[in-house]
Every structure is written in structure tokens, then in C-alpha cells.
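Me: I would like to go through the internal spaces of this model and then its overall build, one question at a time. Please reason briefly before each answer.

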Amino acid sequence: MNLELGKESINKLLLKYSIPAIVGMIVVSMYNAIDRIFIGHIENIGAIALSGVGITLPIVTILLSFELLIGIGVSTNISASLGKGNKKHAEKYLGQLIIVAIFIGLSLVLGISIFKNNILIMFGASESSMYYAKEYIDVILIGTVFYIIGFSLITTIRSEGNPKKASKLLIISCIINIVLDPIFIFYWGIKGAAIATVLSQIFVFVMAIHYYTKGKSNLKLRRENLIPDIIFIKRIIINGLPIFFMQIFTSLIQVIFNNSVKIYGGDLAIGALATIVSISNIFLMPVIGINQGSLPIIGFNYGAKQYDRAKKALIYGTIVGFIILSLGFILVLLLPDKLISLFNKDKELMDISVQGIRIYLFMMPISVIAITAPNYFQSIGKVNTSIFLSLLRQAILLIPLLIILSKYFGIIGVWLAQPVADLLSSIISGVFLIKEFKNYNAMVEAME
């Protein structure tokens with residue numbers, strides 16, 4: 001693999017390493033989108049039910065943040081252990097994943113259940129949307145432990161060298177969700193959508209456990225590794241903290257957005273926001289998949305002092321990402337009503353959503369620089385720069401812009417905050433990249 005990363009065509013490498021990651025990211029984004037599509041079309045209550053689900057989005061993001069904390073934390077340590085030829089330690093980390101996931105999962109279920117009403121009100125629930133938010137999240141919480149274990153194991157399946165298996169499990173689970181959603185919603189309404197999601201997550205859990213116990217995995221889940229080991233648990237948490245904090249900030253921003261759109265646009269505006277985010281994720285997730293695929297290519301070539309190849313991987317990935325986001329932008333510009341009608345056809349909700357999506361995603365093609373730059377700096381080991389650039393777009397610029405612009409321009413200001421943050425963060429990220437590339441020229445000259 002090392003020889004391949006250092007000598008194979010960058011285009012071929014990006015295709016090989018990015019496609020499984022792209023498939024995985026699209027499937028993850030489709031989970032919530034599918035629920036919202038079917039919920040939004042529930043007769044008579046679709047619009048307000050969609051708002052109720054939108055209110056739960058920060059909770060779902062918090063669950064995702066802990067899943068990534070464990071999944072990335074374990075897979076990073078597994079990769080390092082296997083790189084050192086220490087399979088015993090790699091399997092120890094796999095066992096600790098189960099212990100940590102059960103403890104964190106049960107703690108989350110208990111904490112959210114106890115303070116559920118207060119949390120939902122804080123996240124933007126009103127009297128009319130509270131019922132639907134509780135109907136949905138009550139069921140989602142039942143599947144929390146299965147979700148965290150199953151999807152964390154999906155990450156480790158990739159890291160042990162079987163990305164096709166991971167993608168296959170995710171695709172099948174998504175199909176299960178698509179098939180069960182309309183059936184269960186017919187019988188149980190919004191609760192049925194959550195049941196379909198949980199059952200698809202349980203499928204991932206069962207199949208991932210089977211893979212590591214009875215399947216053709218390189219590593220095995222062993223009973224002796226299911227005893228808590230503080231040293232291993234600390235290493236897992238330390239390696240997973242950066243992505244964890246990023247997701248927690250995302251959840252915080254979702255809360256601020258929910259409350260802002262509720263103040264300036266009412267309950268239906270929360271449903272509009274949930275719809276807009278779902279549509280934007282359909283286009284953004286492939287770009288994040290390209291990021292994941294380019295990470296080992298950039299990291300290896302930078303470490304081998306093949307700076308031109310590392311730079312090419314970034315540039316090619318950014319160009320492909322720009323094309324994807326530009327196509328998404330054109331669709332949003334020309335057919336916003338068609339995209340939004342997939343989720344709901346309520347006239348008032350449609351009007352809010354059409355106005356919002358055109359503004360909110362106005363800088364989507366340009367945002368590719370702000371998305372790929374942090375990944376590049378992470379790949380070359382400059383973690384502090386990576387974290388700063390990620391927070392720049394998601395928090396440092398976005399939160400103040402959201403507060404200030406909404407105060408002066410109301411709901412229009414809420415929608416404006418994201419494109420302005422995208423533009424500014426892309427410019428700043430571009431400056432960081434140019435400076436980095438100038439350093440490469442100096443390093444190449446010094447080697448000569």
C-alpha cells in the first residue's frame with residue numbers, strides 16, 4: 001500500500017480511497033433525510049411533525065459526536081497498533097470499544113430521558129411541536145447503545161482494511177430504513193419513522209458483531225478484552241476528542257439556529273431549516289467523503305517529502321468537490337420548490353423553505369475551500385491549524401454572524417449567516433494554504 005500511495009496516479013488513488021468513504025457519508029446523511037421525507041408527508045400534521053423532528057436534530061448530533069469519539073478514537077489506535085505489528089493491542093482496543101460504548105450510551109439515554117422536556121424547550125420546542133419531538137426522540141433513545149456500538153464498529157471495519165464491507169452494511173441498513181419507513185409511519189405515525197431507523201441501526205449492530213466474532217475479520221472480539229482498561233480507554237478518548245468537539249459545536253450551532261428561526265419565523269421555520277440542512281447534506285457529504293479518501297494519500301506523500309503529490313491530492317479533491325457543490329447550487333437555484341416538495345408540500349412551509357435555501361446555500365460552491373483546507377492540515381499533522389480552520393467556519397464566524405444578522409434582518413439574517421461565514425472562512429483558509437505551499441517551495445530548495 002505504501003508503494004501505491006507514493007507512486008500511483010493521484011486521480012486513481014482518489015477514486016480508490018474516496019468512493020467507499022463517499023458511499024458511507026451519503027448513507028449517513030440519508031438516514032435523517034429519509035425520516036424527514038416520510039414524516040413531512042404525513043397527512044394533516046406533516047409540516048409541524050417535520051418541525052418536531054428538526055428540534056431533535058441537536059440531540060441526534062450529540063449522539064453522533066459520541067459515536068465518532070469512540071469510533072475514530074478506537075480506529076486510530078487500531079491502525080497504529082497494526083502498523084507496529086501489535087495485533088494483540090489492536091484487539092484490546094476493539095474490546096474496549098464495547099465497554100466504552102455501553103457506558104456512554106446508557107449514560108446518554110438516562111441523562112436525556114430525565115431532562116428531556118427541558119432539553120427540547122431549550123432546543124426550540126413549542127407547545128405544538130413538543131409532542132412530535134418527544135414521540136420521535138423517545139424511540140431513537142431506545143436504539144442509542146446499538147447505534148453507538150454498531151456505527152463505531154463500522155469505522156473500525158474500514159480501519160482494519162475492509163472498506164467495502166463497511167459500505168455494504170451501511171447501504172443495506174439504509175435500504176431497510178427506506179422500506180420500513182412508509183409501512184411503520186402508516187401504523188404509528190412519527191413514532192414509526194423512529195422505529196424504522198432504530199431497526200436499521202440494530203441490523204448494523206448485529207452484522208458488525210457477527211463480523212468480528214464469526215466473520216472473516218482480521219481482528220476478533222474476545223471475552224478477555226471486554227474488561228475495562230483505563231490506559232486503553234484514555235487513549236481512545238484522547239484520539240477521539242478533536243472530532244468530538246467539532247460535532248458538539250455543530251450541535252450548539254443547531255440549537256442557536258433552531259431558536260433563531262423560531263423567534264423570527266415560527267415553528268414552521270424550524271421544519272424549513274431541517275429540510276434545508278437535509279438537502280445541503282446530500283451535496284456536502286460526498287465532499288467530506290473525498291476528504292476522508294484523500295487523508296492517507298496526502299499524509300503519506302507529505303511524510304515522504306513528495307510535496308507536489310500531496311498538493312495535487314488537495315487540488316484535485318477540491319476541484320471535484322467544487323463541481324459537486326456547483327451542481328447542487330444550480331439545482332437549488334433553479335428547482336428549489338421541487339427539492340423541498342420531497343419533504344413537504346405545505347404552502348407556508350414551502351414559501352419559508354424556498355426563500356431560506358436560496359440564501360443559506362448561496363456560497364455552497366465556494367465553501368469547498370473551507371471544507372478541504374482543515375482536512376489537508378490534519379493530514380500533514382498540523383492539528384492546531386486544522387481545528388482552528390474548522391471552528392472558524394462552524395463557530396468563530398458563524399455564531400456571531402447569526403446573532404448579529406438575525407437581530408438586524410430577522411429571518412433573512414438567519415439564512416444569511418451561513419453563506420457569509422462560508423465566504424469569509426474560505427478566504428482565510430485559502431490564505432493559510434497559500435502560505436503553506438510557499439513553505440514547500442522553500443523546503444524543496446533547501447533539499448536541493
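Me: How many cavities of 30 Å³ or more does the count come to?
Reply: The model is a predicted one, and the count concerns enclosed spaces, from which a 1.4 Å probe cannot get out. With the threshold set at 30 Å³ or more, the number of cavities comes to two.

Me: Which elements give two or more residues to the lining of the largest cavity?
Reply: The largest cavity holds about 50 Å³ of space, and its lining includes I290, N291, S294 and I298, along with A313, L314, G317 and T318, and also T372 and N375. Set against the helix boundaries, the elements that give two or more residues to this lining are α11 (267-303), α12 and α15 (368-379).

Me: What is the division by class of the residues that line the largest cavity?
Reply: Glycine counts among the polar residues, so G317, which is part of the lining, belongs to that class. No charged residues occur in the lining of the largest cavity, and the division is four nonpolar and six polar.

Me: Which element gives the most to the lining of the second largest pocket?
Reply: The second largest pocket, with about 150 Å³ of space, is lined by N11, L14, L15, S18, I19, I22, I290, Y316, G317 and V320. Both α2 (10-40) and α12 (307-334) supply at least two residues of this lining, which by class has seven nonpolar, three polar and no charged residues. With six residues, the element that gives the most is α2.

Me: Which residues have the most contacts inside the largest nonpolar core?
Reply: The largest nonpolar core has 133 residues. One of the residues sought is Y376, and when its neighbours within four places in sequence are left aside, Y376 is in contact with I298, A310, K311, L314, L433, E436, F437 and Y440. Of these partners, I298 and L314 also belong to the lining of the largest cavity. The residues with the most contacts inside the core are I39, Y376 and W415.

Me: What is the radius of gyration of the protein, and why does it agree with a compact globule?
Reply: The protein has 18 helices and zero strands, and its C-alpha trace spans about 65 × 50 × 35 Å along the principal axes. Of its 448 residues, 56% count as buried, while residues 24 or more positions apart account for 80% of the contacts with a separation of 6 or more. Because a compact globule with 448 residues would have a radius of gyration near 22 Å, the protein agrees with that expectation, its own value being 22 Å.

Conventions: Residues numbered from 1 in each chain as written. Predicted model: local features only at pLDDT ≥ 70, side-chain atom pairs only at ≥ 80, totals over all residues. Heavy atoms only, no water. 1 Å grid on protein atoms, 1.4 Å probe; cavity = no way out; pocket = protein on both sides within 12 Å on 5 of 7 lines; lining within 4 Å. Points joined across faces, edges and corners; volume = space filled by probe spheres on them. Helix = DSSP H or I, 4+ residues; strand = E, 2+ residues; numbered from the N terminus. Core = buried A, V, L, I, M, F, W, Y, C linked by side-chain atoms within 4.5 Å. Buried < 20%, exposed > 50% of the residue type's maximum accessible area, 1.4 Å probe, protein only. Contact = heavy atoms within 4.5 Å. Rg over C-alpha atoms; globule rule 2.2 N^0.38 Å.
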